[in-house]
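I opened the notebook to keep track of what I looked up in this structure. The entries follow the order in which I checked things.

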Amino acid sequence: MAVRRLNHAVLYVRDLARTVSFYRETLGFEVRTEVPGRAAFLRAPGSANDHDLGLFQIDGAGPPAPGPHVGLYHLAWEVGSLPDLIEAREKLSAAGALVGQSDHRVSKSLYAQDPNGIEFEVMW
């Protein structure tokens, strides 16, 4: 058996509606299925997957503890062109979500945080 690729990621979030809005507005995800106040399944533009991102609402107060901790570090979403990456940078910056960027020589990356403080990468 050989794993081919990541099919989807699932995150626990504090504010489902705000998180769905964030991924729709900054990365262009579309909502495939939603159970209001409980869960949502989103698909990236052009994806052949049923969904690429699952979001489940949890009850939890306060922001996540600062600093590294055991668990998910970040997700990486790949875009098809440098102009797509530039557009993502503009949208993430306007949303106040952009936290860094890097040129890895083999790829270029933006780093951002969603409304739950979950870090993700957008790369080309």
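**Entry 1: a buried pair of rings.** I note first that the model is predicted. I looked up Phe22 and Phe120 and found that both are buried. I then asked where each of the two lies in the chain. Phe22 is in helix α1 and Phe120 is in strand β8, residues 119-123. The two parts are 98 residues apart in sequence, so this pair ties together distant stretches.

I checked the geometry of the pair next. The ring centres of Phe22 and Phe120 are 6.0 Å apart, and the planes stand at 70°. The cut-off for edge-to-face is over 60 degrees, so I wrote the pair of Phe22 and Phe120 down as edge-to-face.

**Entry 2: another ring pair.** I went on to Phe29 and Trp77, which also form an edge-to-face pair. Their centres are 5.1 Å apart, with 75° between the planes. Phe29 sits in the loop between α1 and β2, while Trp77 belongs to strand β5, residues 74-78. The pair therefore ties together parts that are 48 residues apart in sequence.

Are these two residues buried or exposed? Phe29 has a relative accessible area of 5%, so I recorded Phe29 as buried. Trp77 comes out at 15%, and Trp77 counts as buried too.

I counted ring pairs for the whole structure and got 6 aromatic pairs. Ring pairs link Phe22, Tyr23, Phe29, Trp77 and Phe120 into a cluster.

**Entry 3: the sheet.** I looked up how the strands are arranged. There are 4 strands in an open sheet, ordered β1-β4-β3-β2, and the pairing is mixed. Which strands stand at the edges? They are β1 (9-13) and β2 (30-35). Each has a single partner strand, so one side of each has no neighbour in the sheet. Neighbouring strands are turned by 20° against each other on average, direction ignored.

I reminded myself that strands of a sheet pair through backbone hydrogen bonds, either parallel or antiparallel. I then looked at β2 and β3 (residues 39-43), which run antiparallel and are joined by 5 bridges. In this pairing, Thr33 stands opposite Phe41 of β3.

I also checked what lies over the sheet. Helix α1 (residues 16-27) lies across β1, β2, β3 and β4 (53-57). The helix runs at about 5° to β3.

**Entry 4: salt bridges.** How many salt bridges does the structure hold? I found 4.

One of them joins Glu30 and Arg43, with the closest N and O atoms 2.8 Å apart. Glu30 is in strand β2 and Arg43 in strand β3, 13 residues apart. Glu30 is partly exposed at 36% relative accessibility, whereas Arg43 is buried at 18%.

Arg32 forms a salt bridge with Asp50, and here the closest N and O atoms are 3.5 Å apart. Arg32 lies in strand β2 and Asp50 in the loop between β3 and β4, 18 residues apart. With a relative accessible area of 37%, Arg32 is partly exposed.

I last looked at Lys91 and Glu87, whose side chains meet in a salt bridge of 3.1 Å, N to O. Both are in helix α2 (residues 82-94); they are 4 residues apart, so about one helical turn separates them. Lys91 is partly exposed at 35%, and Glu87 is partly exposed at 37%.

Technical notes:
Residues numbered from 1 in each chain as written. Predicted model: local features only at pLDDT ≥ 70, side-chain atom pairs only at ≥ 80, totals over all residues. Heavy atoms only, no water. Pairing = 2+ DSSP bridges. Axes fitted to C-alpha atoms, helices over the stretch in contact; angles between N-to-C directions. Contact = heavy atoms within 4.5 Å. Phe/Tyr/Trp six-rings, centres within 6.5 Å; stacked < 30°, edge-to-face > 60°. Buried < 20%, exposed > 50% of the residue type's maximum accessible area, 1.4 Å probe, protein only.
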